[in-house]
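Trainee: Please take me closely through one part of this model, starting from the overall fold, so that I can see how that part sits in the whole. I would like to know which residues touch which, and how they sit relative to the surface.

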Amino acid sequence: DVRTPEETATGYLEGALLYDIQGSEFTTQIAGLDKAANYVIYCRSGNRAGQAIEFMKGEGFTGTLTNAGALADAANATGLAIVQ
């Protein structure tokens, strides 16, 4: 989940990592992830998720990076519950 804390306060996928792409710690948070793992990334509309994926590719991520679009779309695609 690459949305802002205000956005994630309204709900997020169960087990999601909350990494605000607009936040000052985003680069550090991404650096701590396994670059070979697969990730499903979502935001409000899919735009920031796409930006995050491009950033991750530039950082050498080799796993599958999926843009799941918005929260509801990501829930439908993954089958994960939305935590309120």
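Mentor: Four helices and four strands make up the protein, and, as this is a predicted model, everything that follows describes a prediction. Along the sequence the helices and strands come in the pattern α-β-α-β-α-β-α-β. The radius of gyration is 12 Å, close to the 12 Å that the globule rule gives for 84 residues, so the protein is as compact as a globular protein of that length. Along the principal axes, the C-alpha atoms fill a box of roughly 30 × 25 × 20 Å. Of the 84 residues, 39% are buried, where buried means a relative accessible area under 20%. Among contacts with a separation of 6 or more, 63% are between residues 24 or more positions apart.

The part I would look at closely is the set of contacts around T4, R48, A52 and F26, and T4 is a convenient place to begin. T4 lies in the segment before α1 (5–8), and at 13% relative accessibility it counts as buried. Leaving aside residues up to four places away in sequence, T4 touches D20, Q22 and R48. Also to be placed relative to T4 is G23, a residue of the loop between β1 and α2; the C-alpha atoms of G23 and T4 are 7.7 Å apart, although 19 residues separate them along the chain. G23 is partly exposed, with a relative accessible area of 26%, whereas T4 is counted as buried. By way of contrast, the C-alpha atoms of T4 and K57 are separated by 21 Å, with these positions 53 residues apart along the chain.

From T4 the contacts lead to R48, which belongs to helix α3. Although R48 carries a charged side chain, its relative accessible area is 12%, so the residue counts as buried. With residues up to four places away in sequence again left out, R48 touches V2, R3, T4, E7, I21, Q22 and C43. Q22 is therefore a contact of R48, and Q22 is also listed among the residues that T4 touches.

Further along helix α3 is A52, a buried residue with a relative accessible area of 0%. Apart from residues up to four places away in sequence, A52 touches V2, I21, F26 and I41. V2 and I21, which A52 touches, are also among the residues that R48 touches. D20, a contact of T4, has its C-alpha atom 9.7 Å from that of A52, and these two residues are 32 residues apart in sequence.

The contact between A52 and F26 carries the picture from helix α3 to helix α2, where F26 is found. F26 counts as buried, at 5% relative accessibility. Leaving out residues up to four places away in sequence, F26 touches V2, Y19, D20, I21, A52 and F55. V2 and I21 appear here once more, and D20, which T4 touches, is a contact of F26 as well. Y12, on the other hand, has its C-alpha atom 17 Å from that of F26, at 14 residues along the chain.

The surroundings of this part include open space. The largest pocket holds about 310 Å³ of space, and its lining draws two or more residues from each of α2 (26–31), β2 and α3 (47–58). Strand β2 gives the largest share, four residues. In total, 19 residues line this pocket, and D1, A16, L17, Y39 and V40 lie nearest its centre. By class, the lining has 15 nonpolar, two polar and two charged residues.

Strand β2 also provides a link to helix α4, since the buried residues of α4 pack against β1 (12–13), β2 (39–43), β3 (65–70) and β4 (82–83). Those buried residues of α4 (residues 71–78) are L71, A74 and A75. They cover an arc of only 100° around the axis, which puts them on the same side of α4. On the face turned away from that buried side are the exposed residues N76 and A77. After α4 comes G79, which has a positive phi, near 80°.

Definitions and conventions
Residues numbered from 1 in each chain as written. Predicted model: local features only at pLDDT ≥ 70, side-chain atom pairs only at ≥ 80, totals over all residues. Heavy atoms only, no water. Buried < 20%, exposed > 50% of the residue type's maximum accessible area, 1.4 Å probe, protein only. Arc of directions from axis to C-beta. Contact = heavy atoms within 4.5 Å. 1 Å grid on protein atoms, 1.4 Å probe; cavity = no way out; pocket = protein on both sides within 12 Å on 5 of 7 lines; lining within 4 Å. Points joined across faces, edges and corners; volume = space filled by probe spheres on them. Rg over C-alpha atoms; globule rule 2.2 N^0.38 Å.
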